Each structure stands twice: as structure tokens, then as C-alpha cells.
Number of protein chains: 2
Amino acid sequence: MNAVVRSYIDRPDPVGSRFVTRKYSFGFSPATIRNIMADLEEMGFLSQPHTSAGRVPTDKGYRFYVDSLSEQPRTDNLLEVPGEFIEQFSRRLDEFRHDISAMFAEVSNTLASLSNYIGVVLPPKAESTTFNRIDLIKYKGDQVVAILLTDEGIIKNKVLQADPMLKQEDLNRIADYLNAEFSGHTIEEINNMLMQRMRREKAQWDKLIERAISIYEQSMNFVQDDIIVSGIYDVMNLPDFSDVTKIRELSKAIKEKHVILKLLAELSRVEGVQVVIGNENPIDELKGLSVVTSTYKEGNRPMGIVALIGPTRMDYSKAIIMVDTIARCVSRTFED
Amino acid sequence: MNAVVRSYIDRPDPVGSRFVTRKYSFGFSPATIRNIMADLEEMGFLSQPHTSAGRVPTDKGYRFYVDSLSEQPRTDNLLEVPGEFIEQFSRRLDEFRHDISAMFAEVSNTLASLSNYIGVVLPPKAESTTFNRIDLIKYKGDQVVAILLTDEGIIKNKVLQADPMLKQEDLNRIADYLNAEFSGHTIEEINNMLMQRMRREKAQWDKLIERAISIYEQSMNFVQDDIIVSGIYDVMNLPDFSDVTKIRELSKAIKEKHVILKLLAELSRVEGVQVVIGNENPIDELKGLSVVTSTYKEGNRPMGIVALIGPTRMDYSKAIIMVDTIARCVSRTFED
DNA sequence: TATTAGCACTCTAGCGTGGAGAGTGCTAAA
DNA sequence: TTTAGCACTCTCCACGCTAGAGTGCTAATA
């Protein structure tokens, strides 16, 4: 029975009882299958578009399938990924070690092109990254360029307005101060530290510290957490999107990046692979789509997530393996 | 006659002789119009999808229309843009003065959302920008972060591998050297200067210069000229893309960004507004679409272009005005 | 009790038909 | 040169029909 549900998944269109008997040779006749399918429909796992069309799994049906996937011994799935691929892909990621955003783009692309679904990467949350150093460069007029480096290899730059009287040496002093104070702490810790200190030492601030604080706060003002999306165009070639309105729904969903961001942020709390199917999705724009995610970590700390977004009729088995494998590869790259 | 061709453009679907007489009151009867239209068809300006459907402009027809647009006194068009808008938009761009890529994103978005076509911006070619300064920061291990600032406000950073023995002071010296030599020159000039000097002074290079050259060359290795595209999703709602295959063609064209890049680079040679209609397009992927472009300049030097991409049945008049106006606004922003 | 064969029933997809409507080309008159 | 009139063409849509696939139900069977 279990097996029956599972078998529907791979098929592109409604499937009837005869088909099942032919494709999967249990010792049953079509009639028996019909009975079972009628039961399954009553239980809510299947539905038929109309009488006398085959049946199609409901979201609940997919959910059952996915759950049964994870129940059976992991090895069954993981065996399918050639260790060779893992090696090769890890090496490839290593090449991008010095440019983390290029690396994430590569990850997203690989996910998309191997799966034909939409590949998404949620980079590490700015807050949880570790301050490595900041540099301040005097630019035109009163403009100052701040470059922030994190241990994770993230480089961000921002142009600030500052007192035009500040000379490069002053900036250096400020940067030195910030580096000495903050290096090795996560941004979150720093924000907390800052707050504490601001309250405590408010009275005895000297000019330098005051400026440093102000500059730091300005620099931090690029919380532009963003996601990296690939494969939007190829996914439109799937038969699931042969309808114009469906394509429009899809593109609307993708357009609302912040919506996806919100969902992924939610999912990133839980470690390991997660599957969200159609209506289970808390966000209206994404109902009708399924999301398979996995977190990647640096050491033990979860950093961000990689995900595949596709139609509910998705090859979950494949997607889960891919997302899982690739998340592992990313984690591994961060270990070095 | 001229007027007849023009009037077709705004209509979403095939238009017949009766319609013309009703909508545009020349003193002619449908029969006369029919004769004229038959002539126009023979000349290749119109075509009919089938006998007894109305007629539709051909690319040649659109071309005629566009040409006749630019023949009449400019003011006719430009009057339609409220000076107020120009003011307002220029002020808005000013807010982005310190973050040029955000500014281009804003430009692209504005183009797209006001026109409902696809907004595209080709940022200044890296080669033609002016070196302002470079800074080198020692990072983890043998990694060095190079930050390049240009006068135009472009900030790029790249991680390089360098001799791990180099200390921050050495890097500062190298940066100072490069800044002293290159500041105020365009990247292109620098590349030429470099080449010359390399040939001339090859013998007497000291270690510093050698390192400086090597670092500079590594830093320059991010020629990732890219375009900024907006409005892909909204454009799908146009009736012109009510067909799945058309949407797929469109997305294929957009996906091949380098293709568009190539076309725009080509068009950026000529100053002012340019219109490329359907088949006129040298690139297969874009036949079936029209492109309206205009260059923006810094002083007298053309920097890049803004463009609208839409269906051949595009509101050329509106598109031309928009692209022109916005290019002017961008140019103006660069003047400060 | 579980399974199966048989049969009537239902629904869709595909196809041809036929009428309405829109638009045309042509001819003859103004 | 323009216009009125008319026969013609083609699409679109609604209708009806058939073939095919799949179902549910009942009665027979292991």
C-alpha cells in the first residue's frame, strides 16, 4: 500500500489501476488495486481530477511518501550519490574559497542544473558571522568607505558620511580601535557588547570612541540579507508549468524574494533535511510549490541553508539526496 | 497614411477598416481605408494573420512608425514628461550617490515599473572608469583583500593570494605606489601604461614594483561586466506573452544575459536614443522582442546605457521618452 | 474474508458540423 | 478618386457525437 502511494510520485499524470498492475507486479489484479485506491482516496491520500481519470496524490499523499522515505535506512538513499561526485564538487567549491558569494552562486547553480528545480541558497545571517576586521578608507569629500571582513570570508563595503575633518590617520586609529575591541566576536555579540558599554560608559566616552561607535553603527547598516536563486528559467520547462497562470504564480512567488527569505529563515532553525509540501507551506505565495532544505554548518553552528523549490510533484527522493549532499559539501568547505 | 500606420501600434489586436474609420475620423469610408491598407500590405508595412482578420503591423511597419516619431519636433514628445518627475527622480538618484550599484538597481527598477517592460542597465565598462585608489588588506594566511575605488563610485573587492611573508606595511607600500602612479587615469590607460612600462623597464624592476604589478593584475581580474535587469516577472502579464512558448522564449533570452550584454555593448557606441525592432535584432534570441536604449554620460564621455526590452508591439513613444529622460537623469547625477 | 471477473456507467479528449460575425476584395456607380 | 454594395473567406464557438480510459459495484471464487 505504502508502495502504491510511492509509485505515483514519479509519474507525470494521473495514473489508473491497470497501469499500476502492469508497472508494479504485485500479485494483484486491477480490481483489487481499485479497491485499495478507493480506500486511499477516502483517507485523503489520493484524489481524482474527475471520475474516470486516474488518481493523483494529494499533498497528504506526498507527505506520506516523504515520511516513508526517511523511515527506511538512510543508506538506501545515500548510496545513490557516487562518492566521486562529492569529492569532485568539494574540490570545485574549494576553488571559490576566497570568494564566498561566488561560491554560493556556484552552489545554487549546481543545485538547479542537476535537479532542474529552483536552487536557492541562504547565506549566513550577518548577525551570526564573526567580525574579523574593519578598514576605513577616506574617499571623496566627506565620504568614507568601510570594508568589513568576517572570518567566514564575507566581504562587505559601504560608503559612509563622516566628519570631513577626519584624516586618514584618524580613520586608521578608529579602525584599530574597533579591530582590537571586536575581532573574533560575532556581530550579534558585538551588538550586545556595544549596547552594554554604551549604557555603562556613556559618561566617560572620549571623542575617539564616540566616533568609532558612530562609524561602526553606520557600517552595520547593510543588513541586506539576501538569497541566491538559480534555475528559474529551466523550471518553466517542466510539464507542471505548462499553464500560463501557473507560470505567473511561480514568477510572482520568486519575485517576492523576501517571502522566500522569511520561510527559509524559519526553516534554518532546525538542523538537517526538511521538506515542506504545497499547502503545508505557511506562505500563500508558495502553496502549490514544495521546498526541500538542509542546513550547512561551520563546525557545530548552523550557518545558513541550501534549498530546492519545485512543483509539489517533485522527485523528493532525488531532491532530498541532493540537498543533503550539497549541504554537507558546503559544511565541509567551511571547516578549512 | 502615416497616421494610419501609427494608429495600429496602440491596439492590442488585429485592426480592421471599420475600426479605423470610427476611431480616427478622417473623412474616409471603410472602403477607402481598405484600399490603402491593401497598398500598405503590399509595401510590407502590414500583414494579416489570415484573410478576414484585421491587419497587424510588421516589423517594417513599426520601424516606419518609430522613424516618423523622431522626425516630428522633439518637443512634442518631451512635453509629456512632467518636469516635476525629472526633479523628483534626480533627487531620488542623489540619495544613492554613495552606492552606485544600488543606484543602477533603482534605475532599472524605475524603468521597469513605470513602463511594464523589462528595464536594463549596462553599468560603465570597467575599462573606461577612472582609478581612484586601491587598498590592500592582509587577511587570513596568504590571502590579501584588494579594494578598488573608482572616481565613478564603483567599489570592487577581491581576495588574492600573495606571498605570505608580505606584512601589512609592505602591502601599504605597494598600495601607495600604485595609487601614486595610477590615480586619475582610466583603467584602460593604466593597462596601456603598464604594458609600455613592462616592456621598457623590464630589466630594472625592483621587488616592490614587481609585486605591485602582480597584485594589480590579480585585482583587475574581475572584469565581470554585468547588466542589471528588472521587471521580468511583470512583463509576463502582458497579453503579448499569453502563450507558454512565448514566455519560454522570453525567459531563455533573459537567461542568456551575455547575449543581451553583447547587444547593448554594441549599441552603446552610438549616442542618444536607439530603437531595435524585432528582426532587426542581430541576435536570434532577441528577435521577437524590441529594444529601446539610450546612453548616459559623465561629462562628454559615454559611460553605459539604460534600456527597455519589450514585445515588438511596444509603446515606442512612451518607451523612447522614458529611456531618454532617465538616461538624462543618470547623466545629471554623474555631473556632481 | 480477501480477491477477482464482469459489466454498466461516467467523464474527457478529439473531431466534424454549422451558424454568427468580422473583415476582406471586387465591381460598378457617384 | 471615393464610395456603396455584395459575395466570399476565415475564425470562433457551441453543439453533438464517438472512442477510450477508468471507475464503482455486484456476484462469483479461492
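Which residues come nearest to DNA strand C? Of the 22 residues around DNA strand C, those that come nearest are S29(A), T32(A), S52(A), G16(B) and S17(B), where a residue is near a strand if its C-beta atom, placed from the backbone, lies within 6 Å of it. This is a predicted model, in which local features need pLDDT of at least 70 and side-chain atom pairs count only at pLDDT 80 or more, while totals for chains, interfaces and linings use all residues. Residues are numbered from 1 along each chain as its sequence is written, and chains are lettered from A and ligands numbered from 1 in the order in which they are written.

**The DNA strands**

Two or more residues of the surface near DNA strand C come from each of α3 (30-43) of chain A and α2 (17-23) and α3 (30-43) of chain B; helices (H or I, at least four residues) and strands (E, at least two) are DSSP runs, numbered from the N terminus. Around DNA strand D there are 22 residues, of which G16(A), S17(A), S29(B), T32(B) and S52(B) come nearest. The table gives the largest contributor and the residue classes, in which Ala, Val, Leu, Ile, Met, Phe, Trp, Tyr, Cys and Pro count as nonpolar, Asp, Glu, Lys and Arg as charged, and the others, Gly among them, as polar.

| Surface | Largest share | Classes |
|---|---|---|
| near DNA strand C | α3(B), 4 residues | 8 nonpolar, 11 polar and 3 charged residues |
| near DNA strand D | α3(A), 4 residues | 8 nonpolar, 11 polar and 3 charged residues |

**The contact between the chains**

Chain A and chain B each give 22 residues to their contact, with residues counted as in contact if their C-beta atoms, placed from the backbone, lie within 7 Å. On the side of chain A that touches chain B, the elements giving two or more residues are β4 (131-138), β5 (143-150), β6 (155-161) and α12 (244-255) of chain A, and α12(A) provides the largest share, 6 residues.

**The sheet of chain B**

In chain B, 3 strands form an open antiparallel sheet in the order β4-β5-β6, with β4 (131-138) and β6 (155-161) as the edge strands; strands pair if DSSP finds at least two bridges between them. Strand β5 (residues 143-150) of chain B pairs with β6(B) over 7 bridges, and A146(B) has K158(B) in β6(B) as its bridge partner. Helix α8 (residues 168-182) of chain B lies across β4 and β5 of chain B and runs at about 170° to β4(B), the angle being taken from 0 to 180 degrees between N-to-C directions of axes fitted to C-alpha atoms, for helices over the stretch in contact.

Definitions and conventions:
Contact = placed C-beta atoms within 7 Å.
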